[in-house]
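Q: I am new to this structure and would like a close look at a single part of it. Could you take me through the salt bridges, one after another, and say where their partners lie?

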Amino acid sequence: MPRFLGPLTHAVTYTRWLHLLIGAAVPLMGAFITPGLRSPSLVDWLQIALQPIPLVVAASLLLPSLRRAEGLQARLMLFPGQHARVPGDQDDSGISVAPSASWRDRGRTALWAVLRLEAGCAAGYVTVQFLGTALALVGAASSKPTEDPGLLLPLPGPNPANALLVPVPVLVLLGVMVVAGRLMTSAAQRLLGPSPVERLAALEERTEQLLERNRIARELHDSIGHALTVAVVQAGAARAAADPGFTYRALGAIEETGRAALEDLERVLRVLREDGQPASRRPTLADAGQLLDSARASGAKVDTEVTGPLERLPGPVSREAYRMLQEALTNVLRHAGPVPVRVRLAVDGTALEVDVRNALPTGGEVTGRGGSGLRGIRERATLLGGRATTGPRDGEWQVHVELPLG
């Protein structure tokens, strides 16, 4: 099949045609009730097409919901979807289905309504003319028409060969409707598309989704990474020690850490599924004791200093600080092994300080840049209005975080 005939096989071509013809419904109703209008001329048809303009403009300006109705109809009939044999998605049409939120939206809706009205009248007139011409050619193939069919195009005399010309006006009509449908689709995207306010709201929603995904990814990295690190360190130490008692304690630490990681994973999956079930509580610095015990069970000698009421910290600060401490301890176990670690948690009236120090690993070059875990610590601190520094200092590796409380 030639490429230019492809649109004729698409259902959306004919739904667009129907959408154009529906736009002429109001003028046609006016024509039916106009007294003495039996054989309308071209001037009469122009008058019929112009009379409803004040009505549709007033409706567009006074009824905000008219924009929703026009948007839904445009999505259904002007754009590819389940009804069309072409790829596409109505949700990606760029057509808003929200009521008019401003006078600017109402004005754009009024302009669309007038355009649809006049385009519908033109489409209806062209359809009648070309289909009438095709039917007249059928009649002219056998005999001369007895009455004036009211067509603008002149007809040839009676000739059986006229039957060969019947497809010509039909194909021309289809081509005109294909072009008109595409033009109306483009106009709909401009006039019924989202307003700047709607675009901003959609952008903010998308940004919130991306931030939530990044937060979930960081939490999974911190929780699962910590659990796997503890499991690897404990398993390696138990195999090296060859002590049944130590092996029993190592398996207990692995079990406890794995259970906490599974709870975190289940909570995140519930959030992603949005199944209506309450998500389990996210850990805070008040739960840091379990985290420190897990590090001690892995062989690290953790010395802890806590000053100030951790339980009175704001929820977001306490939860994010827990994850930062978890990532810092995970990095110690992963890169330095069971070495002495000093943890200081200090709370005053204005800020929270988290300081984790450990001996530098022997061998290997220390750059101070770190991987995604340290980058996540810095990102968390920045989002809370604080700051985090990581790197070697005075012969030790330090993770220092300052978070404001107000």
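A: What follows is a walk through the salt bridges, with a short look at the nonpolar core beside them.

This is a predicted model, in which local features need pLDDT of at least 70 and side-chain atom pairs count only at pLDDT 80 or more, while totals for chains, interfaces and linings use all residues. Residues are numbered from 1 along each chain as its sequence is written, and side-chain values use heavy atoms, with hydrogens and water left out.

A salt bridge here is a side-chain nitrogen of Lys or Arg within 4 Å of a carboxyl oxygen of Asp or Glu, and by this rule the count comes to nine.

One of them joins arginine 357 and glutamate 396, whose side chains meet at 3.9 Å, N to O. Because arginine 357 belongs to strand β3 and glutamate 396 to strand β5, this pair ties together parts that are 39 residues apart in sequence; strands (E, at least two residues) and helices (H or I, at least four) are DSSP runs, numbered from the N terminus. Both arginine 357 and glutamate 396 are buried, where buried means under 20% relative accessible area, exposed over 50%, and partly exposed in between (1.4 Å probe, protein chains only). These two residues also belong to a network of salt bridges that links Arg342, Asp355, Arg357 and Glu396.

Another salt bridge is formed by the side chains of arginine 387 and glutamate 402, at 3.4 Å from N to O. Arginine 387 lies in strand β4 (residues 387-393) and glutamate 402 in strand β5, so this pair ties together parts that are 15 residues apart in sequence. Here arginine 387 is partly exposed, with a relative accessible area of 46%, and glutamate 402 is partly exposed as well, at 24%.

A further salt bridge lies within a helix: aspartate 105 pairs with arginine 108, their closest N and O atoms being 3.7 Å apart. Both residues are in helix α6 (residues 103-140), three residues apart, about one turn of the helix. Aspartate 105 counts as buried at 1% relative accessibility, and arginine 108 is buried too, with a relative accessible area of 13%.

Strands β3 and β5 appear again in the largest nonpolar core, to which each supplies at least two residues. That core, a set of buried Ala, Val, Leu, Ile, Met, Phe, Trp, Tyr and Cys residues joined through side-chain atoms within 4.5 Å, has 37 residues, and α11 gives the most to it, with ten.
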